[in-house]
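The following exercises concern pockets and the residues around them. Please work through each solution step by step with the structure in view.

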Amino acid sequence: MRQLLHAVRANNTFVAQLYVPLVADGATIGLVPKDRVAALRAFPSVFDGALANEVRLHSSLATETARTTAVQNVARELVGAGVIREKWKNEDYGARDGHGNVVFRVDRAAAAFFGITQCGCHLNGYVRHGPRPEDVSVWMGLRHASRSLWPGKWDSIVGGGLPLDISAWDNMLKEAREEASLAANDIAPLMRSAGVISYVNSEKEGLKHNSMFTFDLCMPPTMAPKSDGIEVDHFELWPITKALDLVERSPESFKPDICLLLIDFGIRHGIVTAANTSQFIAVARGLHAAPPF
């Protein structure tokens, strides 16, 4: 029996007691690690409460534009001071209220610090060799050693954050062109939306409350990704059983959420089943974590 639950749980390490709510107009829109709250007390015109139990956006910031300008400036200062260690991405994420309205925008680099809901996209590029569910190989990309996050770890063929103002479908096509030299005209007719997986994880930069739109691309043998030499060191085509074996034995070989992606792919394609996987129901449920607020 496959043992995969540990890889799922490793992506869902959220402990509520380690965070305080980020509040705007009475609604929780994020969660800030308690050990980071002190850094926000230097910005009293932006946060009129940076206390032990709550961080409140200043009541004078009454519009999305005003809040965005103020929070982006704070984020830039925190990145410059090294409090936020991620590099500035020039990609806006949105902090949303319970109705889905954008309260403010902030660069992707600061999303985990403020603990706002994040979205991403991942592509499963695979080749089918025969009629059985397991007659499949998946393309994997090795993250370049120069990457600031998860260097030298195995990743999906294409993946990336989902900024505001672009659809998941269009963003997936854009990322495929940039990271794997796969032209939109070639892959769009073959690409299929495959749903969403989500996790809630405590990471070094803060809270990763992430929902990942997943896409499947059944590739002909003549189609192959090409490394950009910047984000991806190289690509390899692995039998799906090899990929799942590594998830089971050595999940640390992957960028963590790729374990979830491979397990989800295996379930949807009838490769990971209740007959061959221990605690299958818990594994399947763990791919869809409940929102933390």
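**Exercise 1.** Determine which residues line the second largest pocket, and state where this pocket lies with respect to domain 1 and domain 2.

*Solution.* Step 1. The lining consists of Y93, G94, R96, T117, Q118, C119, L162, P163, L164 and F213. A pocket is an open set of points on a 1 Å grid over the protein atoms alone, where a 1.4 Å probe fits, with protein on both sides within 12 Å along at least five of seven lines; lining residues have an atom within 4 Å of a point.

Step 2. This is a predicted model, in which local features need pLDDT of at least 70 and side-chain atom pairs count only at pLDDT 80 or more, while totals for chains, interfaces and linings use all residues. Residues are numbered from 1 along each chain as its sequence is written, and side-chain values use heavy atoms, without hydrogens and water.

Step 3. Domain 1 (4-12 + 118-287) and domain 2 (16-115), with bounds from an automatic or database domain assignment, both contribute lining residues, so the second largest pocket lies between them.

**Exercise 2.** Describe the surroundings of R108.

*Solution.* Step 1. R108 touches K89, E91, Y93, G160 and G161, leaving aside residues up to four places away in sequence; contact means heavy atoms within 4.5 Å.

Step 2. K89 is 19 residues from R108 in sequence, yet their C-alpha atoms are 6.1 Å apart.

Step 3. In the largest pocket, K89 and R108 are among the residues that lie nearest the centre. The lining of that pocket numbers 46 residues, and its space is about 940 Å³, a volume filled by probe spheres set on grid points joined across faces, edges and corners.
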